[in-house]
Amino acid sequence: MAKNGGHHHHGNKENCKKTLTGMSEYVDNDLKGTGKKSLESHLANCKACMAVLNTLKKTIEIFRVSTPRMPKSMAKKVRQSIKHEIAALEKKGK
Ligand SMILES: [Zn+2]
C-alpha cells in the first residue's frame, strides 16, 4: 500500500473520512490495535484531522471540568453530539 515518495499526499479524503469516523472512539480510548495505529499515523500527516482531534479533546475536557460527576447517560449524550459534530465536519470536507 505504501508507495515510495510523496509523503504529503493531498486529497487523501478517503483516509480523512475514516479518521474522522474513528475519532470519537479514539478520544474515548475505544480504538485498539491497527485501527488506532492507522488513525495515529494519518493524524501525524494530516493537519486538518489533527485540528479536529484537538478541538474534540478540548471540548471533552471542558465538559469534564464543568461537569465533574457527569452521569453515564449524559456522557453518552456528549459523545453523540461529538459524533454529530464530526459528521458535520465531514460534510464540509474542505
Ligand atoms: Zn485527514
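Reader: Before anything else, in this predicted model, which way does α1 cross α3, left-handed or right-handed?
Author: In this predicted model, the crossing in which α1 passes α3 is right-handed.

Reader: And what angle do those two make, and how far apart are the axes?
Author: Helix α1, which covers residues 13-27, packs against helix α3, residues 47-66, at an angle of about 25°, and their axes lie 10 Å apart. Because of that angle, α1 counts as roughly parallel to α3.

Reader: Which residues actually meet there?
Author: From α1 the contact takes in Cys16, Thr19, Leu20, Met23 and Val27, while α3 brings Ala48, Cys49, Val52, Leu53, Leu56, Lys57 and Ile60 to it. Sorted by class, the residues of this contact of α1 with α3 are 10 nonpolar, one polar and one charged.

Reader: OK, switching partners: how do α1 and α2 sit relative to each other?
Author: Helix α2 spans residues 33-45, and its axis and that of α1 come within 10 Å while crossing at roughly 120°. The two helices, α1 and α2, are therefore oblique to each other.

Reader: Left-handed or right-handed for that one?
Author: Where α1 passes α2, the crossing is left-handed.

Reader: What are the residues in α1 and α2 that meet?
Author: On the α1 side they are Asn15, Thr19, Gly22 and Tyr26, and on the α2 side they are Gly35, Lys36, Leu39, His42 and Leu43. This contact of α1 with α2 divides into three nonpolar, five polar and one charged residues. Thr19 of α1 is listed among the residues meeting α2, and Thr19 is also listed among those meeting α3.

Reader: What's going on in the loop between α1 and α2?
Author: Asparagine 29 has its place in that loop, and its phi is near 65°, which is a positive value in a residue other than glycine.

Reader: Is asparagine 29 buried or exposed, and why?
Author: Asparagine 29 counts as exposed, because it has 8 C-beta neighbours inside 10 Å, and the cut-off for exposed is 12 or fewer.

Reader: Stepping back, how many helices and strands does the protein have?
Author: The protein contains four helices and zero strands, so that, by the way such elements are numbered from the N terminus, the pattern along the sequence reads α-α-α-α.

Reader: And what share of the residues is buried?
Author: Of the 94 residues in the protein, 7% are buried.

Reader: Last one, what about contacts between residues at least 24 apart?
Author: If you take the contacts between residues at least 6 apart in sequence, 64% of them join residues at least 24 apart.

How values were computed:
Residues numbered from 1 in each chain as written. Predicted model: local features only at pLDDT ≥ 70, side-chain atom pairs only at ≥ 80, totals over all residues. Buried ≥ 20, exposed ≤ 12 C-beta atoms within 10 Å, placed from the backbone. Contact = placed C-beta atoms within 7 Å. Axes fitted to C-alpha atoms, helices over the stretch in contact; angles between N-to-C directions. Parallel < 35°, antiparallel > 145°, perpendicular 65-115°, else oblique. Left-handed = near helix turned anticlockwise from the far one by under 90°. Nonpolar A, V, L, I, M, F, W, Y, C, P; charged D, E, K, R; others polar.
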